[in-house]
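Biologist: I should be grateful for a close look at a single part of this model, namely any pocket it may have. Please also set out how the elements around that part connect to the rest of the fold.

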Amino acid sequence: MTSFSALEYESFINESKEVIDFIGGYYRNIEKYPVLSKVESGYLSNKLPTNAPYHPEALENILQDVNDKILPGLTHWQSPNFFAFFQANASTAGFIGEILCSGFNVVGFNWISSQAATELESIVMDWMGTGGGVLHGSTCEAVICTLAAARDRALTELGDAGNITKFVVYASDQTHFTVQKSAKLVGIPPSNFRAIKTSFSTNFSLSPQKLRETIQEDIKKGLIPLFLCATIGTTPSCAVDPIEELSQISNEYNLWFHIDAAYAGSACICPEFRHYLNGVEFADSVSMNPHKWFLTNMECCCLWVKKPFLLIESLSTSPEILRNDATDSNSVVDYKDWSITLSRRFKAIKLWVVIRRHGLSNLMYHIRTDVNLAIKFEEMVGRDNRFEVVVPRNFALVCFRLKPKREDENGTELNKQLLVAINSSGAAFMTHAVLGGVCDKMCDWGNFNGGAARG
């Protein structure tokens with residue numbers, strides 16, 4: 001039997017170069033691919049073997065299969081013609097950080113498991129924003145953790161009067177569905193999730209008056225207000241909820257106040273956008289995703305918590321195998337107690353490289369360029385009599401639609417047909433939203449090599 005080495009220096013160098021060249025060729029030709037894949041469901045099963053190979057295969061053959069069989073089934077998120085959802089930015093610095101993260105392959109669940117990983121995470125989180133910070137993989141993870149902390153805080157404060165079936169979570173009907181999903185996962189009954197209706201009158205931001213009325217109705221029913229999620233840059237319309245006013249209501253009713261700035265939080269590095277964060281100091285927790293608009297490859301979500309000990313009390317475990325002098329001294333941070341997972345990737349090095357390699361100046365340039373593209377597109381829509389902007393632009397998202405042919409039509413079918421025509425062409429990919437009964441296309445500028453939009 002021949003010897004086997006899974007990580008051998010020469011092959012690692014040579015094969016890594018082959019993969020880098022392959023990815024470089026992909027980006028060089030990315031505009032040649034239809035942005036939205038045209039394959040049928042189950043296509044890949046007909047192209048790959050039923051059973052896993054017994055003998056090793058050459059990298060050349062594997063990359064050829066990636067090119068011939070995998071790429072045709074990808075939706076190309078980094079294409080400059082990708083205008084769907086919120087973007088998932090990539091950058092050269094993001095790739096380099098990802099390579100370092102994967103290359104070291106450390107598992108930073110506590111300080112002694114990789115001291116530099118823990119300490120760099122603390123430093124980078126302080127660069128991004130002051131307060132107790134931790135890196136998660138996604139907003140969903142962050143919201144689950146904050147909801148768990150809010151739940152456990154309430155159960156402790158209420159004692160015997162605490163009943164999880166009475167807890168209520170509040171958000172707007174524009175809030176990302178991850179909040180509702182997270183509420184279910186921590187045991188909040190789905191019937192106790194309040195998606196408060198928004199409208200054109202507030203540009204689809206959450207009305208403090210409606211929130212207060214909803215809370216008061218729930219209290220009369222014997223329910224217990226638990227958690228409020230406000231958003232800076234909602235998914236359907238990029239609405240911004242009134243943070244300061246909502247924080248006052250949260251304080252009045254002892255709600256855990258979370259701010260989801262997953263997309264638009266990145267823009268607040270620019271002084272002209274920081275006013276959107278007014279009132280953030282009153283929040284119990286804030287999250288934003290550098291993997292959306294901050295040129296940081298997936299997965300990377302920043303979470304800050306005003307009182308980290310509440311997170312730790314809810315999430316910490318102390319099995320004997322993880323006992324050590326550093327942890328017992330309470331002089332170090334063990335991020336396993338700030339998150340769901342124990343198997344924590346070295347995400348901090350990726351974000352650290354992005355910030356250092358680009359610098360604040362280039363990151364602000366990137367944000368401002370995307371916003372200026374959105375402004376120009378909004379102006380173009382305004383000059384074309386066939387189209388209209390549905391809600392005023394926020395950040396780099398433009399919601400527009402094709403005007404209905406007759407006044408007695410709402411234009412939904414017309415815009416659905418246009419969306420199908422655009423996406424089936426392969427020239428671009430856009431998604432839609434329904435705002436106040438109006439179907440529109442959403443155009444979000446922000447890909448690393450051009451613009452990202454949704455329609």
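Modeller: A pocket is here an open set of grid points with protein on both sides within 12 Å along at least five of seven lines, and its lining residues have an atom within 4 Å of a point. The model is a predicted one. Its largest pocket has a volume of about 810 Å³. The lining comprises 39 residues, and those nearest the centre are Phe86, His176, Phe177, Thr178 and Thr235. Two or more lining residues come from each of α5 (139-158), α6 (178-185), β4, α9 (290-293) and β11 (429-435). Strand β11 gives the largest share, four residues.

One of these elements, β4, leads to the sheet. Seven strands form this open sheet, in the order β2-β8-β7-β6-β5-β3-β4, with mixed pairing. Strand β4 (193-196) is an edge strand, as is β2 (132-136), and each pairs on one side only. On average, neighbouring strands are turned by 20 degrees against each other, direction ignored.

At the β2 end of the order, β2 and β8 are antiparallel and share five bridges; Gly132 stands opposite Val305 there. Strand β8 also pairs with β7 in the antiparallel sense, over four bridges, and Val286 has Trp304 as its bridge partner. Between β6 (256-260) and β7 (285-288) the pairing is parallel, with three bridges; one partnership joins Asp260 to Ser287. Helix α8 (243-252) packs on the sheet, where it touches β5 (224-231) and β6, and its direction makes about 155 degrees with that of β6.

Strand β8 (301-305) deserves a separate remark. In a regular strand, side chains alternate between the two faces of the sheet. From β8, Cys301, Leu303 and Val305 point one way, whereas Cys302 and Trp304 point the other way, and all are buried.

The nonpolar cores complete the picture. The largest has 77 residues, and Met128, Leu351 and Phe395 have the most contacts inside it. Helix α12 (347-383) gives the most to this core, with 13 residues. Setting aside neighbours within four places in sequence, the contacts of Phe395 include Ile232, Tyr263, Phe273, Trp293, Val371 and Ala374. A second, separate core of 31 residues includes Ala150, Leu226, Cys301 and Leu315. Of the elements already named, α5 spans residues 139-158 and lines the pocket, and Ala150 belongs to this second core.

Note on methods: Residues numbered from 1 in each chain as written. Predicted model: local features only at pLDDT ≥ 70, side-chain atom pairs only at ≥ 80, totals over all residues. Heavy atoms only, no water. Pairing = 2+ DSSP bridges. Axes fitted to C-alpha atoms, helices over the stretch in contact; angles between N-to-C directions. Contact = heavy atoms within 4.5 Å. Core = buried A, V, L, I, M, F, W, Y, C linked by side-chain atoms within 4.5 Å. Buried < 20%, exposed > 50% of the residue type's maximum accessible area, 1.4 Å probe, protein only. 1 Å grid on protein atoms, 1.4 Å probe; cavity = no way out; pocket = protein on both sides within 12 Å on 5 of 7 lines; lining within 4 Å. Points joined across faces, edges and corners; volume = space filled by probe spheres on them.
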